[in-house]
Structure formats: C-alpha cells, structure tokens
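Here are my notes on the model you sent, set out as numbered points. Please read them with the structure open.

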Amino acid sequence: SPPAPPRIPRPGVMDGLLGTRLLHGGGEVPTSALAGCGVVALYFSAHWCGPCRAYTPEFAKVYKRVKAKGKSFEVIFVSRDRDEASFAEYFRTMPWYAVPFNDATRREVLCNTFQVRGIPSLVLVSGNGNLLDPNARSKVMLPSFPSTLPRVVDVADIGALPSEPVNLVVRHRGEVYELEEVDPDEGWDMLRIKIFSLTNVPEEQQRLFGLGAVRGPIDDSQPLARALAGGLRAQRGSGLRLAEVPEERRKGSSAFNGDKPGTGLNRGALGSAAAWAPSKEDKAPWYQLDLGAVCGVAGVALAPRRDAGEWVERFRVCCAEAETGPWTPVEGGREFDGCETFPQQTMRVVFGSPVSARFVRMEPVKFARKAALRADVLLQDGSKLDDPPTIVVLGNASADDPFECRGPNASAVEPQRMVEEQHLAMLQAKMSSLPPRLQQEVRSVDGARRYEDLARQRQALDDIPVC
C-alpha cells in the first residue's frame with residue numbers, strides 16, 4: 001500500500017534525542033544537519049559482533065540505493081564497541097552518521113529507551129522523534145522498503161506557500177500547454193479538470209509528474225498549495241544567466257587521483273561528462289570559479305556527477321573580489337541544500353541577495369560517496385523572469401491500450417494492473433533524461449511481464465527521473 005502522507009519534521013527534535021553533535025565523514029557536524037529528514041534509522045552495532053560485520057555492508061547498499069532514489073532517510077550509528085579504536089575502525093566503513101563514542105551516557109540512554117537487547121538492531125523513528133518500528137533489521141532489506149519512505153521534496157522546508165494564483169506549463173505527449181492562474185486553494189480535483197480541458201486526458205487516467213519532484217509521481221495527498229510551492233522553489237533562479245566559466249578558470253583544493261584539469265574527475269563544468277571531485281585525503285575541499293571580473297553573483301548552479309551516483313548534498317559558498325581574499329561566507333556561512341538524487345537535473349541555489357565578487361568557492365559539507373559536483377555561477381542581470389513550474393501528464397496513449405487504461409475493466413485483474421504501472425514507467429523513461437542503457441532496459445512490454453511483485457511495479461514508476 002502507498003505510504004501515508006508525510007508529516008513535516010519539526011526543527012530541533014533530533015537534538016534532544018541524539019545530542020547536539022554527530023560524527024560524519026571524518027569530522028563533527030551539528031545534529032541540525034538532520035533537519036527536515038523524514039525517517040531516521042538508529043543502527044545499534046559493534047565491530048566485535050560477527051553478524052553485525054556481515055549485516056553492515058548489505059545495509060550500506062540499501063542506504064545508498066535509498067539516497068539515490070531521493071528519499072528522506074538517514075542512519076545514525078550507535079556503537080556498542082568496547083573501545084574507541086574499534087569504533088573508529090568500524091565507523092570508517094560506514095557512509096552515515098554516528099553518535100560520538102565519548103558520549104557513553106547518550107549511547108546507553110538510547111539503548112535503554114528503545115529496549116535494545118541484542119545486535120545488530122535497527123530502530124526507525126520519524127523526523128519528529130516518534131517511534132515507527134522498534135525492530136526494522138529485516139524490513140529494510142525488503143525490495144518494497146524504499147517505497148515506504150517519504151521523498152525529500154515532500155518533507156523539505158519549501159518556505160512560504162503561494163497566496164496568489166500560479167501559472168503552470170503542462171506537458172503531454174510532446175505538446176506544451178500554458179495553464180494560467182491556478183488558485184492554490186482550488187484543490188487537485190479542479191486542477192485535473194483544467195488539465196483535461198487542455199489534454200483530453202480524463203481525470204481518473206491522469207498520472208502527474210514534476211512540480212519540483214525529480215523522481216516519481218507528484219504526491220497528491222499533500223495540499224495543492226504545497227506542491228505548487230515546491231514547483232516554484234524548483235524554478236527559482238531559472239531566469240538568471242549562467243556565467244559559463246571556462247575550464248581554465250576553474251580550480252579545486254585537490255583532484256581525485258591527481259587528475260589534471262580537464263581530465264578524469266577534474267572536469268567540473270555543467271556540460272562535463274564526469275565531474276570534479278577532491279582527493280580522498282582532502283578533508284576541507286573546495287571548488288573555485290573565476291568570473292574574470294567582479295560581477296553581481298545571484299547564486300550557483302549545481303549538478304551531480306554525470307557518470308556515477310555521487311553528489312553534494314550540502315555546501316557552503318564563499319566569495320571574494322581577489323583570489324588572495326578576503327573571502328566572505330555567503331549568508332554568514334549558511335549550509336545550502338544541494339542535490340537529492342542521481343540522475344538529477346541541474347539545480348539552482350539562489351542567495352538571499354546578490355553579492356559582488358569575481359571568485360566564487362563552493363565548499364562541500366555533506367555528500368553521497370564522493371564530494372563530486374558540476375557547477376557554475378548564476379549572474380544577476382534582470383533580463384529574464386523565472387520559468388513557470390511544469391507538470392508532466394501521462395495518460396492513455398490510445399483508447400484500446402489495456403496497459404494504460406485505469407478504468408474498471410483494467411483493474412479487474414491484478415497482473416494487468418502491474419503491467420500498467422510498468423508501462424507508464426516506460427513512457428516516462430522515453431520522456432526523461434535516462435541514459436540510453438536504461439532506456440533500452442525499459443523499452444519492451446515483454447520485459448514488463450517478467451515483473452511478478454506489485455511492490456516492484458510501484459518502484460519502477462517511482463524511480464523514473466522527471467526531465
């Protein structure tokens with residue numbers, strides 16, 4: 001069954017549960033780094049425990065898959081090790097957070113609170129600190145587990161909701177339509193009627209994608225106003241001009257494997273076939289762009305590594321008029337939200353107000369696997385308005401297509417519904433920016449018939465990225 005509508009996490013709740021500091025990526029970070037997370041897993045484990053050492057790498061694979069799907073999910077390692085050296089050695093194999101080993105009281109309280117009697121043990125709590133599952137060790141290994149988690153886009157803080165009508169772009173079967181003045185208070189039913197008037201796709205057959213969701217259908221269990229706010233947020237800065245900084249005016253604090261500029265993982269332009277990534281030893285990485293002259297900098301554009309699932313999730317920005325400094329943190333050193341998943345379209349991060357600078361440095365704070373990025377600078381010139389939010393509509397390709405029909409006849413047989421889900425996923429893939437290899441994998445309906453698990457069918461639809 002589909003997950004319940006996500007509840008927006010309250011800020012500061014995790015501080016009371018986990019303390020104010022956590023370990024991550026070789027250093028300490030504030031627990032506020034978990035702000036907005038929908039589901040948090042507390043992982044009780046130890047290096048001396050053989051079953052734990054066998055479970056951890058398999059759970060790490062699940063974690064990486066879940067993060068790559070854009071799900072709002074984090075893991076906190078609560079060590080049951082007997083000494084700090086064993087803890088440190090074990091934690092180095094993990095991609096997530098940990099309660100500091102020297103906070104023994106906190107770790108013991110967590111064990112007692114959740115009645116942990118053996119390890120490995122996994123407890124799921126909501127972002128608001130409510131217990132979801134006290135024994136989730138087996139649950140997280142199920143193929144259906146990712147579909148039970150909320151997406152980042154559905155629980156993130158998206159700012160103020162729109163109070164005025166919003167103009168939308170509607171895309172269907174290669175056609176583009178303008179839908180003007182959608183009232184945030186009118187609800188989903190009225191929106192679907194308006195979409196029908198443009199596309200002739202009946203309301204009950206519409207599958208809606210977009211509005212800031214980079215993967216899967218729009219969550220219409222949330223208020224329309226919130227979905228529109230997400231779409232507006234995703235388009236913020238789309239009217240700004242890219243600086244298109246050339247490769248020779250880009251540099252990093254280091255480069256993975258010592259790659260020379262323009263080669264390997266030292267190619268950070270948005271059009272790059274890979275990305276820039278720092279060396280493994282670089283504990284304070286940065287990526288710098290030289291605009292050639294002092295300009296009005298309105299923000300930055302960011303994208304994940306193009307050829308692998310590696311991206312920056314949070315980062316800071318510093319600016320300077322000269323490379324020797326002084327360097328000024330943007331918005332007082334604020335940590336900006338980065339990419340959510342892979343693959344993902346270029347995202348724009350717009351500052352509260354433009355700054356004057358020639359040099360712009362991006363400093364990764366949190367990342368998936370590597371601090372890999374492709375980036376550019378957004379310039380303030382006021383020449384173009386932001387693009388309106390977009391909705392992609394899927395529906396019947398033809399009246400006699402049994403795989404897309406969602407009427408009573410199609411829902412009579414369970415396997416038919418499963419094929420319908422996969423067929424829609426195939427259609428979405430053809431409209432998306434999936435690599436050719438993945439396009440080929442979802443091209444035939446014969447391939448869809450090999451799916452026998454309805455949960456996997458749901459995932460197939462949820463996993464398709466929206467172009």
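1. How far does helix α2 (residues 50-68) reach from its first C-alpha to its last, and what span is expected at 1.5 Å a residue? The model is a predicted one. In it, α2 has 19 residues and reaches 28 Å, close to the expected 27 Å.

2. The helix is nevertheless not straight throughout: α2 bends by about 25° at T56. A proline, P57, follows within four residues of the bend. Just after the helix, G70 takes a positive phi of about 75°.

3. Which residues of α2 are buried? They are C52, Y55, T56, F59, A60, V62, Y63, V66 and K67, so the bend residue T56 and the lysine K67 are both on the list. In an α-helix there are 3.6 residues a turn, so residues three or four places apart point the same way. The buried residues of α2 pack against the strands β3 (39-45), β4 (73-79), β6 (121-126), β14 (311-320) and β17 (347-368), and against helix α3 (84-91).

4. One of those partners, β6, holds S121. Is S121 buried or exposed? With a relative accessibility of 9%, S121 falls under the 20% cut-off and therefore counts as buried. Leaving out residues up to four places away in sequence, S121 touches L42, Y43, F44 and V116.

5. Two cis peptide bonds deserve a look. The bond from I119 to P120 is cis, with omega near 0°, and P120 is in the loop between α4 (104-113) and β6. The bond from G325 to P326 is also cis, again with omega near 0°; P326 belongs to the loop between β14 and β15 (328-329).

6. Two residues other than glycine have a positive phi. For L211 the value is about 50°, and the residue sits in the loop between β10 (207-210) and α7. For N257 phi is near 60°, and its place is the loop between β12 (250-252) and β13 (287-303). Their surroundings should be read separately: L211 counts as buried because its relative accessibility is 6%, whereas N257 counts as exposed because its relative accessibility is 63%.

7. How many cavities of 30 Å³ or more does the model contain? The count is five. The second largest has a volume of about 70 Å³. Its lining is made up of R151, V153, D154, I158, G210, L211, A213, I218, Q222, R226, A227 and G230. The elements that contribute two or more residues to this lining are α5 (152-155) and α7 (224-235), and α7 gives the largest share, three residues. By class, the lining has six nonpolar, three polar and three charged residues. L211 from point 6, with its positive phi of about 50°, is one of the lining residues.

8. V153, another residue lining that cavity, is in helix α5. V153 counts as buried because its relative accessibility is 16%. Apart from neighbours within four places in sequence, V153 is in contact with G212, A213, R226 and E340. Among these contacts, A213 and R226 also line the second largest cavity. V153 and V214 are 61 residues apart in sequence, and their C-alpha atoms are 8.2 Å apart.

9. G268 shares a loop with N257: G268 lies between β12 and β13, and so does N257. What is the relative accessible area of G268? The value is 0%, so G268 is buried, in contrast to the exposed N257. Not counting residues up to four places away in sequence, G268 touches E247, R250, A275, W276, Y287, L373, R374 and A375. G268 and A303 are 35 residues apart in sequence, with a C-alpha to C-alpha distance of 9.4 Å.

10. Some overall figures, for context. The protein has 11 helices and 19 strands. Of its 467 residues, 51% count as buried. Among contacts between residues at least 6 apart in sequence, 72% join residues at least 24 apart.

Methods
Residues are numbered from 1 along each chain as its sequence is written. This is a predicted model: local features need pLDDT of at least 70, side-chain atom pairs count only at pLDDT 80 or more; totals for chains, interfaces and linings use all residues. Side-chain values use heavy atoms; hydrogens and water are left out. On a 1 Å grid over the protein atoms alone, a cavity is a set of points where a 1.4 Å probe fits but cannot get out, and a pocket is an open set with protein on both sides within 12 Å along at least five of seven lines; lining residues have an atom within 4 Å of a point. Grid points are joined across faces, edges and corners, and a volume is the space filled by probe spheres set on the points. Ala, Val, Leu, Ile, Met, Phe, Trp, Tyr, Cys and Pro count as nonpolar, Asp, Glu, Lys and Arg as charged, and the others, Gly among them, as polar. The expected span of a helix is 1.5 Å times one less than its number of residues. The bend at a residue is the angle between axes fitted to the seven residues ending there and the seven starting there. Buried means under 20% relative accessible area, exposed over 50%, partly exposed in between (1.4 Å probe, protein chains only). Contact means heavy atoms within 4.5 Å.
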